Amino acid sequence: MLASCQTDSYVQTLRAGHSLLDAFRLAGETHDLYSAVGRFKGGQFADLHYVMPALSSSPEHSVYYSQHYTHPGPVQIEQASVTLGRNREGELWLHCHAAWRDAKGLLQAGHILPDQTILGGSPELDITYVRGAAFETVPCPETNFSLFTPVARPELLPAQAQPESPKSWIVTLAPNQNISAVLRDICRELGLTRADIRGGVGSLVGAILEPELVVEPFVTEVLIEEGRIDLSLPADQQVQVDVIIIDYQHGVHRGRLKPEVNSVLVTFEMVLEAA
């Protein structure tokens, strides 16, 4: 699913001493934050609360979340990706997958609980604010989860905005879609030769990283560190997506997704921006 939008990108600093959710609320105050995507790194989680991908114990879901984990910190933030949108009550909410270094320097990762996790230090944030469309929480009958979904919101465009051809699109991918194939097809349909991926939070059915690193545990959560699409390149180089993956057995994996062989598990959220 996708919705055209306008985007504005900034480098900001998240304020320490606040919950992750409140830090984003404060960062967005002067930018009329309604929906956005971003990546942040540096700084610390002073009090970290998170869950992991897990097998489901109920027939209502094919996969689910683990127990609640806590880490009193501080832990160093390696990399995080975030989607900001609105929950079913219309309030600001966010979906964040992050990787951090523990006291021994080991790389760990998980799904951050944003209203409980407290920032220490001030991470550097690369954020893209979305206008004219938004991520909003909508029930998904296929997965039985409520998921961020692209919704057109033309009333959110600034009053002085001039009509123009879309240059950015909110995108969510559905279960079992091949991530590189569908992103390539979207760009072709939109007439884009090159696009940058902003944000990037989702899950995959296991994974294969280049050249042939296989992540066998099939329940994973993923953050995109960097992503780009260039249809002028050879087919096996057109979609380049660098990720950090946490699997349900608590393995952490880092690298570039091998083209044509990685499929979405539950969802994948991002913004495509014409390059």
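**Cavities**

I searched the whole structure for cavities of 30 Å³ or more and found three. I note here that the model is a predicted one. For the largest cavity I recorded a volume of about 50 Å³. I then asked which residues line the largest cavity. The lining consists of Val37, Gly38, Arg39, Asp126, Thr128, Arg198 and Gly199. I traced the lining back to the strands: S2 (36-41), S11 (124-131) and S15 (194-209) each supply at least two residues. Strand S2 gives the most, with three residues.

**Strand S15 and Gly206**

I stayed with strand S15 and looked up Gly206, which is found there. Is Gly206 buried or exposed? Gly206 is buried, because its relative accessible area of 4% falls under the 20% limit. I also checked its distance to Val219: the two residues are 13 apart in sequence, and their C-alpha atoms are 6.0 Å apart in space.

**Surface patch**

I looked for nonpolar residues grouped on the surface and noted a patch formed by Leu55, Val205 and Phe218. Together these three residues have about 250 Å² of accessible area. Leu55 belongs to strand S4, which covers residues 53-55. I entered Leu55 as partly exposed, since its relative accessible area is 45%.

**Cysteines**

How many disulfides does the structure contain? The count comes to zero, a disulfide being a pair of cysteine sulfur atoms within 2.5 Å. I examined Cys187 as a case: the closest cysteine sulfur is that of Cys5, 13 Å away, so the two are too far apart for a bond. Cys187 counts as buried, because its relative accessibility is 0%. I also looked up Cys140, which counts as buried because its relative accessibility is 18%.

**Salt bridges**

I counted the salt bridges and obtained 15 in the structure. Side chains of opposite charge can pair when their charged atoms come close. I then took up three pairs in turn.

The entry for Glu136 shows a salt bridge with Arg153, with the closest N and O atoms 2.6 Å apart. This pair links distant parts of the chain, 17 residues apart: Glu136 is in strand S12 (residues 133-140), and Arg153 is in the loop between strand S13 (145-152) and strand S14 (168-173). Glu136 is buried, because its relative accessible area is 11%, whereas Arg153 counts as partly exposed at 26% relative accessibility.

Glu212 forms a salt bridge with Lys258, and I noted 3.0 Å between the closest N and O atoms. Here too the pair links distant parts of the chain, 46 residues apart. Glu212 lies in the loop between S15 and strand S16 (213-230), and Lys258 in the loop between strand S18 (252-256) and strand S19 (264-274). At 52% relative accessibility Glu212 counts as exposed, while Lys258, at 24%, counts as partly exposed.

For Glu225 I found a salt bridge with Arg254, the closest N and O atoms being 2.8 Å apart. Glu225 lies in strand S16 and Arg254 in strand S18, so this pair ties together parts that are 29 residues apart in sequence. I recorded Arg254 as partly exposed, because its relative accessibility is 36%.

Finally, I asked which residues are linked with Glu225 and Arg254 in a network of salt bridges. They are Glu78 and Arg101.

Terms used. Residues are numbered from 1 along each chain as its sequence is written. This is a predicted model: local features need pLDDT of at least 70, side-chain atom pairs count only at pLDDT 80 or more; totals for chains, interfaces and linings use all residues. Side-chain values use heavy atoms; hydrogens and water are left out. Patches are made of residues with over 30% relative accessible area and no salt bridge: like charges are joined within 9 Å, nonpolar side chains (Val, Leu, Ile, Met, Phe, Trp, Tyr) within 5 Å. Accessible areas come from the Shrake-Rupley method with a 1.4 Å probe; for residues, only the protein chains shown count as cover. A salt bridge is a side-chain nitrogen of Lys or Arg within 4 Å of a carboxyl oxygen of Asp or Glu. Helices (H or I, at least four residues) and strands (E, at least two) are DSSP runs, numbered from the N terminus. Buried means under 20% relative accessible area, exposed over 50%, partly exposed in between (1.4 Å probe, protein chains only). On a 1 Å grid over the protein atoms alone, a cavity is a set of points where a 1.4 Å probe fits but cannot get out, and a pocket is an open set with protein on both sides within 12 Å along at least five of seven lines; lining residues have an atom within 4 Å of a point. Grid points are joined across faces, edges and corners, and a volume is the space filled by probe spheres set on the points.
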